[in-house]
Amino acid sequence: NLRLNGYPTHPYGIKITRLDDVDYCEDIIHRNIYRRAVRRTRFALKHSDGIIYQSKVAKNINEGVLGIKPKKSTIIYNGTGEDVNFKNHTYDDGVHYVHACQKAFPMRRIDRLLEVWVNFVEDRPNAFLHLIHDRNEEFDMPNLNTTNVVVHDIMEEKELNGFIKNAHACISIKYQDSCPNFILEMIACGTPVITSNTN
């Protein structure tokens, strides 16, 4: 009986919780997004029969910050399939960067990325930034009418893989991610990644 980032809601079976990050500081972004999630995580650590962490970082953050050792735990890293099939995607001339996520919540730092991008393209008119995210998600998005920025709706796996396979580089500068799928997908596609030292 498995649930992600919370205690299973069904009453049957062996109850397993799969955890990624937990709130670990008091800045406004963590406090607003994860306040309720910390309570769910704390409850899951205490009551689940077993915990699956997505990485050693996730294990250390959860147990270190909350001070709770689960009854039993293991680590299963995020990953992608060994046989990565690509749907071909070609760009026009230029240098193309990709930032992709399902939910464009504030910790993704898209606003900061766009601030930097404005300066970056001043003397690079052939550079293009592609932002891919689920447009149905309700988040306050920054002004996307920025030079050489192209916005796409969320994509299926094959199309996304083809998109990042043909990009010159991908970007992921989220505040904290213990084992980000997007970075793993870039590595699997053989595309260089620009990222922060907290991912």
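1. Helices and strands here are DSSP runs, with at least four residues for a helix and at least two for a strand, numbered from the N terminus. On that basis the elements of this predicted model run β-β-α-β-α-β-β-α-β-β-α-β-α-β from the N terminus on, which comes to 5 helices and 9 strands.

2. Turning to the chain as a whole, 43% of the 199 residues of the protein count as buried, and the accessible surface comes to about 11,600 Å², with 49% of that surface belonging to carbon and sulfur atoms. Among the contacts with a separation of 6 or more, 57% are accounted for by residues 24 or more positions apart.

3. The largest nonpolar core has 15 residues, and those with the most contacts inside this core are Tyr 97, Trp 117, Leu 129 and Leu 131. At least two residues of the core are supplied by each of helix 3 (110-120), strand 6 (127-133) and strand 8 (169-172), while the largest share, 4 residues, comes from helix 3.

4. Tyr 97 deserves a separate entry. Leaving aside residues up to four places away in sequence, Tyr 97 touches Trp 117 and Phe 120, then Ala 127, Phe 128, Leu 129 and His 130, and also Ala 169, Ile 171 and Ile 194.

5. A second core, separate from the one described above, has 14 residues, including Tyr 91, Phe 163, Ala 167 and Met 186. As general background, nonpolar side chains tend to be buried together in soluble globular proteins.

Definitions and conventions: Residues numbered from 1 in each chain as written. Predicted model: local features only at pLDDT ≥ 70, side-chain atom pairs only at ≥ 80, totals over all residues. Heavy atoms only, no water. Buried < 20%, exposed > 50% of the residue type's maximum accessible area, 1.4 Å probe, protein only. Contact = heavy atoms within 4.5 Å. Areas by Shrake-Rupley, 256 points an atom, 1.4 Å probe, with all protein chains shown as cover. Core = buried A, V, L, I, M, F, W, Y, C linked by side-chain atoms within 4.5 Å.
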